[in-house]
Amino acid sequence: MLTFTAAEADLLGRTADALCAYMGKPVIAEIVTEPDEGFEWALFALPLGPDDEAEDRPHVQAGGHGARFLGNGGGLDLSDGQPIDCEFLWAIQLSELEGCRYIKVDAQGEEAGWSDTLSELLPFELSETSQPDDEDDTADIDEPDDDEDDGDLPGAGRTLH
């Protein structure tokens, strides 16, 4: 059975969260298991509201009992186990093909990309960057010495009462 690793699931969840921020709408990401096929895939979808017409959009049901959601779900409460009607955006399917662990499927259900690197198929670059140490943040800032004469500055040497 081909399954997503914890790191891959984390990257897909962060992608869903970035899509929420970019689109200004909740984006649902869910890992779906295809037991008869032997692989998992991750779908990305926009929940449809009661007034949304689903006929002209690719449609998918997300959620349900035992759903494995990724990311924050755009702030939606997805814990009730009820399926949600959604507009299908795209998916990432796992593959056993050599040099092609991931297949991107577009909104029409067509294979739109293949890669052995997940980040190549995602819409955002979400690689981890190292943060500088706190010492490095202030190392280049010139701080005045206590012995320097601040007489040229207005109000220098005065104490406010």
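In this predicted model, the backbone oxygen of C100 sits 3.1 Å from a polar atom of the S95 side chain. That same side chain also has a polar atom 3.0 Å from the backbone nitrogen of L97. S95 itself belongs to the loop between strand 5 and strand 6. With a relative accessible area of 9%, S95 counts as buried, because the cut-off for that label is under 20%. Setting aside neighbours within four places in sequence, the contacts of S95 are L2, C100, R101 and I103.

C100 turns up again when the cysteines are considered. C100 is buried, at 7% relative accessible area, and C20 is buried too, at 14%. Even so, the structure holds zero disulfides.

A second serine-or-threonine case comes from helix 1, which is where T15 is found. A polar atom of the T15 side chain lies 2.8 Å from the backbone oxygen of L11. T15 is buried, and its relative accessible area comes out at 0%.

Next comes the nonpolar interior. In soluble globular proteins, nonpolar side chains tend to be buried together. Here the largest nonpolar core has 39 residues, and the members that touch the most others are L12, L43, F44 and I92. Two or more residues each come from helix 1 (6–23), strand 1 (28–34), strand 2 (39–47), strand 3 (59–63), strand 5 (83–94) and strand 6 (102–105). Strand 5 is the biggest contributor, giving eight residues to this core. As for L12, its contacts beyond four places in sequence are F4, A42, F44, L70, I92, L118 and L122. Two of the partners of L12, F44 and I92, are also on the list of residues that touch the most other core members.

Then there are the aromatic rings. A pair of aromatic rings is described by the distance of the centres and the angle of the planes. The count here comes to two aromatic pairs. One of them joins Y22 and F124, with ring centres 5.7 Å apart and planes at 70 degrees; an angle over 60 counts as edge-to-face, so that is the label this pair gets. Y22 lies in helix 1 and F124 in the loop between strand 7 (111–115) and helix 2 (134–138), so the pair ties together parts that are 102 residues apart in sequence. As for how open the two residues are, Y22 is exposed, with a relative accessible area of 65%, while F124 is partly exposed at 23%.

The other pair is made by F44 and W90, whose ring centres are 4.0 Å apart. Their planes meet at 15 degrees, and since anything under 30 counts as stacked, this pair is stacked. F44 comes from strand 2 and W90 from strand 5, so to speak a link between distant parts of the chain, 46 residues apart. Both residues are on the inside by the accessibility numbers: F44 is buried at 0%, and W90 is buried at 9%. W90 has another partner as well, K104, which lies over the face of the W90 ring, 4.6 Å from the ring centre. Put together, W90 is stacked with F44 and has K104 over its face, while F44 is in contact with L12.

Definitions and conventions
Residues numbered from 1 in each chain as written. Predicted model: local features only at pLDDT ≥ 70, side-chain atom pairs only at ≥ 80, totals over all residues. Heavy atoms only, no water. Core = buried A, V, L, I, M, F, W, Y, C linked by side-chain atoms within 4.5 Å. Buried < 20%, exposed > 50% of the residue type's maximum accessible area, 1.4 Å probe, protein only. Helix = DSSP H or I, 4+ residues; strand = E, 2+ residues; numbered from the N terminus. Contact = heavy atoms within 4.5 Å. Polar contact = N/O pair within 3.5 Å; in protein donor to acceptor, adjacent residues only side chain to side chain. Disulfide = S-S within 2.5 Å. Phe/Tyr/Trp six-rings, centres within 6.5 Å; stacked < 30°, edge-to-face > 60°. Lys NZ or Arg CZ within 6 Å of the ring centre and 35° of its normal.
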